[in-house]
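This report introduces selected local features of one protein model. Please have the sequence and the structure at hand while reading.

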Amino acid sequence: MTTPTPSTLDAATLRELIAAGRPPRLLDVRTPGEFETVHIPGAYNVPLDLLKEHREELRNHLDEDIVLICRSGARATQAEQSLAAVGLPNLKVLDGGMLAWQAANAPTRQGKQRWDLERQVRLVAGSIVLASVLGSVFVPGLKWVAGFIGAGLTFAAITNTCAMGMLLSKLPYNRGASCDLDTIVGQLRDGAGNQS
């Protein structure tokens, strides 16, 4: 059985909705660090791991049209599946994510610059593979570490998930400002959004 393809919304259409004064609720599911680096004005930061864990509680505060945002669309698609599973209607994924939004020269709020999570995964995975291949000259068994990382990356591509990315998202570097359930629910209830 295949999972249904999420409904998407392109950057131009989202810009039109915002300009017309009918903006949907924007949920950015990237890490707080990524969100602080750059985000769409008015978006709420609801990191994917927190969203998945507390989707039932969040559902009670999300009844209007919702657009889910991440870097490229992969995490937003996972968020859409999680929220759809608890019966939340009117979900859309920003097609191409922040990459498409920025490519369209749409308005953003900039903050402290950090590496996005996908770039961090490439750095860590590449470093482990390089070190294990070089180290295998002296300790032949280290080549299996490189093989394990390669298998993990292959699995990540096939399943569109990334265990290494999820682990890296928990590092203090990626946590940024406090982003807990009570704060998020308060913002959603008040309708204030995260305007910083």
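At the start of helix α1, which backbone nitrogen does a side-chain oxygen of D10 reach? The model is a predicted one, and in it the partner is the backbone nitrogen of A12, with the D10 oxygen within 3.2 Å. Helix α1 covers residues 11-19. Just after α1, G21 adopts a positive phi of about 80°.

**Positive phi in the loops**

Most residues other than glycine have a negative phi. N90 has a positive phi near 60° although it is not glycine, and N105, likewise a residue other than glycine, has a positive phi near 55°. The table places each of these residues in its loop.

| Residue | Phi | Loop | Relative accessible area |
|---|---|---|---|
| N90 | near 60° | between α5 (74-85) and β6 (91-94) | 40%, partly exposed |
| N105 | near 55° | between α6 (97-103) and β7 (109-110) | 66%, exposed |

**The pairing of α7 and α8**

Helix α7 spans residues 117-135 and helix α8 spans residues 143-159; their axes come within 7 Å and cross at roughly 155°. Because of this angle, α7 is roughly antiparallel to α8. The crossing of α7 past α8 is left-handed.

On the α7 side, the contact involves A125, I128, V129, S132 and V133. These meet K143, V145, A146, I149 and L153 of α8. Sorted by class, the residues of this contact comprise eight nonpolar, one polar and one charged.

Methods
Residues are numbered from 1 along each chain as its sequence is written. This is a predicted model: local features need pLDDT of at least 70, side-chain atom pairs count only at pLDDT 80 or more; totals for chains, interfaces and linings use all residues. Side-chain values use heavy atoms; hydrogens and water are left out. Axes are lines fitted to C-alpha atoms, for helices over the stretch in contact, and angles run from 0 to 180 degrees between N-to-C directions. Helices (H or I, at least four residues) and strands (E, at least two) are DSSP runs, numbered from the N terminus. Angles under 35 degrees count as roughly parallel, over 145 as roughly antiparallel, 65 to 115 as roughly perpendicular and the rest as oblique. A crossing is left-handed if the near helix is turned anticlockwise from the far one by less than a right angle, and right-handed if clockwise. Contact means heavy atoms within 4.5 Å. Ala, Val, Leu, Ile, Met, Phe, Trp, Tyr, Cys and Pro count as nonpolar, Asp, Glu, Lys and Arg as charged, and the others, Gly among them, as polar. A polar contact is a pair of N or O atoms within 3.5 Å; within protein, one must be able to donate a hydrogen and the other to accept it, and residues adjacent in sequence count only if both atoms are side-chain atoms. Buried means under 20% relative accessible area, exposed over 50%, partly exposed in between (1.4 Å probe, protein chains only).
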